[in-house]
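Reader: I'm new to this structure and would love a close look at a single part of it. Please choose one stretch, walk me around it, and explain any terms as you go.

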Amino acid sequence: QVEYTEILALERDAKKILRHLSEITGATVLLIGHQPLLGEVISGLLFERTAHSFAVKKGAVWWLRHQQNREVSALLASPGRQGNMAILAVQHPKFFR
C-alpha cells in the first residue's frame, strides 16, 4: 500500500516533519525534498538535532534504516530512542547517469 503526503512540500520546520515521521511504524518511507530542509531532517533522524544540516547533493540518494534492538555503532545510538538509526548508503547523483 502506498500512502502519499505533502509534508515536505508544505512544512518548512524539520522538527514538525520529524514528529510526523515518528508516528509512522512498520513502514518503508521515501522522502523527496530540497536543501537545507532535507539535510536538517536527516540530522534529526540520526542525532535528534536539527541545528546542523547534512549537505545533500541534488539528485543524491540517502538510505537510512531504523534498527530496533540491534547492535549498531555506538556513535549512532540515540538516548531515549527505541533502537538506532543507521546510514546504510549514500549515492552521489553522478552514479545514476
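Author: Happy to help: what follows is a tour of helix α3 and the parts around it.

A few ground rules come before the tour. This is a predicted model with residues numbered from 1 along each chain as its sequence is written, and local features need pLDDT of at least 70, while side-chain atom pairs count only at pLDDT 80 or more. Totals for chains, interfaces and linings use all residues, and side-chain values rest on heavy atoms, with hydrogens and water left out.

Let's place the helix first. The chain holds 3 helices and 2 strands, in the order α-α-α-β-β along the sequence. Here helices (H or I, at least four residues) and strands (E, at least two) are DSSP runs numbered from the N terminus. Helix α3 covers residues 37-47.

Just ahead of the helix there is something to notice. Pro36 sits in the loop between α2 and α3, and a cis peptide bond with omega about 0° joins Gln35 to Pro36. At the other end, α3 is followed by Glu48, which belongs to the loop between α3 and β1. Glu48 is not a glycine, yet its phi is positive, near 55°. As background for both ends, most residues other than glycine have a negative phi, and most peptide bonds are trans.

Is the helix mostly covered or open? Mostly covered: 9 of the 11 residues in α3 are buried, meaning under 20% relative accessible area (exposed is over 50%, partly exposed is in between, with a 1.4 Å probe and protein chains only). Those buried residues are Leu37, Leu38, Gly39, Val41, Ile42, Ser43, Gly44, Leu45 and Leu46. Their cover includes α1, α2, β1 and β2. For the chain as a whole, buried residues make up 29% of the 97 residues.

One of the buried residues deserves a stop of its own. Ser43 lies in α3 and counts as buried because its relative accessibility is 4%. Leaving aside residues up to four places away in sequence, Ser43 touches Glu48, Arg49, Thr50, His52 and Phe54; a contact here means heavy atoms within 4.5 Å. Glu48, the residue with the positive phi, is therefore among the neighbours of Ser43, and its relative accessible area of 41% makes it partly exposed. Across the chain, residues 24 or more positions apart account for 40% of the contacts with a separation of 6 or more.

Phe54 leads on to the aromatic rings. The whole structure has 2 aromatic pairs; rings of Phe, Tyr and Trp (its six-membered ring) pair if their centres lie within 6.5 Å, with planes under 30 degrees apart called stacked, over 60 edge-to-face and the rest tilted. Phe47 and Phe54 are stacked, because their ring centres are 6.2 Å apart and their planes meet at 15°. Phe54 also pairs with Trp62, this time edge-to-face, at 5.3 Å centre to centre and 70° between the planes. Together the ring pairs join Phe47, Phe54 and Trp62 into a cluster. Phe47 is partly exposed at 34% relative accessibility, and Phe54 is partly exposed too, at 24%.

Finally, α3 helps to line a pocket. A pocket is an open set of points on a 1 Å grid over the protein atoms alone, where a 1.4 Å probe fits and protein lies on both sides within 12 Å along at least five of seven lines; lining residues have an atom within 4 Å of a point. The largest pocket has a volume of about 1300 Å³, which is the space filled by probe spheres set on the points, with points joined across faces, edges and corners. Its lining takes two or more residues each from α2 (14-22), α3 and β1 (61-67), and β1 gives the most, with 6 residues. There are 35 lining residues, and Val29, Leu31, Leu45, Leu64 and Met85 lie nearest the centre. Leu45 is also one of the buried residues of α3. The lining divides into 18 nonpolar, 11 polar and 6 charged residues, where Ala, Val, Leu, Ile, Met, Phe, Trp, Tyr, Cys and Pro count as nonpolar, Asp, Glu, Lys and Arg as charged, and the others, Gly among them, as polar.
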